[in-house]
Amino acid sequence: IQLRALLLHNVYLAVRGFSGQLDVAFAERVLLAYREALGLRSRFNREIMIGNAAMLAERGELAEARQEFAKIPESELVGDGTDLAVIYYYLAIGETGRAVQRLLEAARRDTWHHGARDGSSLRASMYRMSDFDRLRAHPRFVELVTIPEEENPL
């Protein structure tokens, strides 16, 4: 159930990126999946909470998004395990400066070049994920993500 919410969110972002339009009905479907997932307990709780807050921001519900994000203990938002989700949340909420700041922090971590789980680096993940479409034209994103990935294709 929790993975379904996260996957629906990713599909929503891919559809938005491909079509260039917000699908209001699909966004509501994603939020319903998050509401169902929030009541469960697993290792994905933090990701569910961040994703829910980001999805609220995607719908323009900025006060609610900030309120939900504030429920996450600060101690759970530090470290490389949350970099991608937090950067995306900041983009969704419209705080590009904070997103870039977290991107710069992430670029200094070991996992930036060598992924912790599946062998894929954070940089490579950012390059491929629709979550970061709003940041793609930013000069720091281009310098840290786009150019290195396009110079060293797999």
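The legends below describe close-up views of a predicted model.

**View 1. Tyr89 and Tyr90 form a tilted aromatic pair.**
The structure holds four aromatic pairs. In the pair of Tyr89 and Tyr90, the ring centres lie 5.7 Å apart and the planes make an angle of 55°. Tyr89 has a relative accessibility of 3% and therefore counts as buried. Tyr90 is also buried, with a relative accessible area of 9%. Ring pairs join these two tyrosines, Tyr89 and Tyr90, with Phe69 in a cluster.

**View 2. Helix H3 packs with helix H4.**
Helix H3 covers residues 45-58 and helix H4 covers residues 62-70. The axes of H3 and H4 are 7 Å apart, at an angle of about 170°. An angle over 145 degrees counts as roughly antiparallel, so H3 is roughly antiparallel to H4. From H3, the residues in contact are Ile50, Asn52, Ala53, Leu56 and Ala57. Their counterparts in H4 are Leu62, Glu64, Ala65, Glu68 and Phe69. Sorted by class, the contact of H3 with H4 comprises seven nonpolar, one polar and two charged residues. Phe69, on the H4 side of this contact, is also part of the ring cluster with Tyr89 and Tyr90.

**View 3. The largest nonpolar core has 46 residues.**
The members that touch the most other members are Phe69, Ile87, Tyr89, Leu103, Trp112, Met126 and Phe132. Two or more residues of this core come from each of helix H1 (2-19), helix H2 (24-38), H3, H4, helix H5 (83-93), helix H6 (96-107), helix H7 (122-128) and helix H8 (139-151). H5 gives the most, with nine residues.

**View 4. Leu103 and its contacts beyond four places in sequence.**
Leu103 is one of the core residues that touch the most other members. With neighbours within four places in sequence set aside, Leu103 contacts Ile87, Trp112, Met126, Leu135, Arg140, Phe141, Leu144 and Val145. Among these contacts, Ile87, Trp112 and Met126 are also listed with the core residues that touch the most other members.

**View 5. Val15 in helix H1 is partly exposed.**
Val15 lies in helix H1 and has a relative accessible area of 34%. Partly exposed is the range between 20% and 50%, which is why Val15 is placed in that class. Apart from neighbours within four places in sequence, Val15 contacts Gly20 and Phe26. Val15 and Phe26 are 11 residues apart along the chain, and their C-alpha atoms are separated by 9.6 Å.

Methods:
Residues are numbered from 1 along each chain as its sequence is written. This is a predicted model: local features need pLDDT of at least 70, side-chain atom pairs count only at pLDDT 80 or more; totals for chains, interfaces and linings use all residues. Side-chain values use heavy atoms; hydrogens and water are left out. Rings of Phe, Tyr and Trp (its six-membered ring) pair if their centres lie within 6.5 Å; planes under 30 degrees apart count as stacked, over 60 as edge-to-face and the rest as tilted. Buried means under 20% relative accessible area, exposed over 50%, partly exposed in between (1.4 Å probe, protein chains only). Axes are lines fitted to C-alpha atoms, for helices over the stretch in contact, and angles run from 0 to 180 degrees between N-to-C directions. Helices (H or I, at least four residues) and strands (E, at least two) are DSSP runs, numbered from the N terminus. Angles under 35 degrees count as roughly parallel, over 145 as roughly antiparallel, 65 to 115 as roughly perpendicular and the rest as oblique. Contact means heavy atoms within 4.5 Å. Ala, Val, Leu, Ile, Met, Phe, Trp, Tyr, Cys and Pro count as nonpolar, Asp, Glu, Lys and Arg as charged, and the others, Gly among them, as polar. A nonpolar core is a set of buried Ala, Val, Leu, Ile, Met, Phe, Trp, Tyr and Cys residues joined through side-chain atoms within 4.5 Å.
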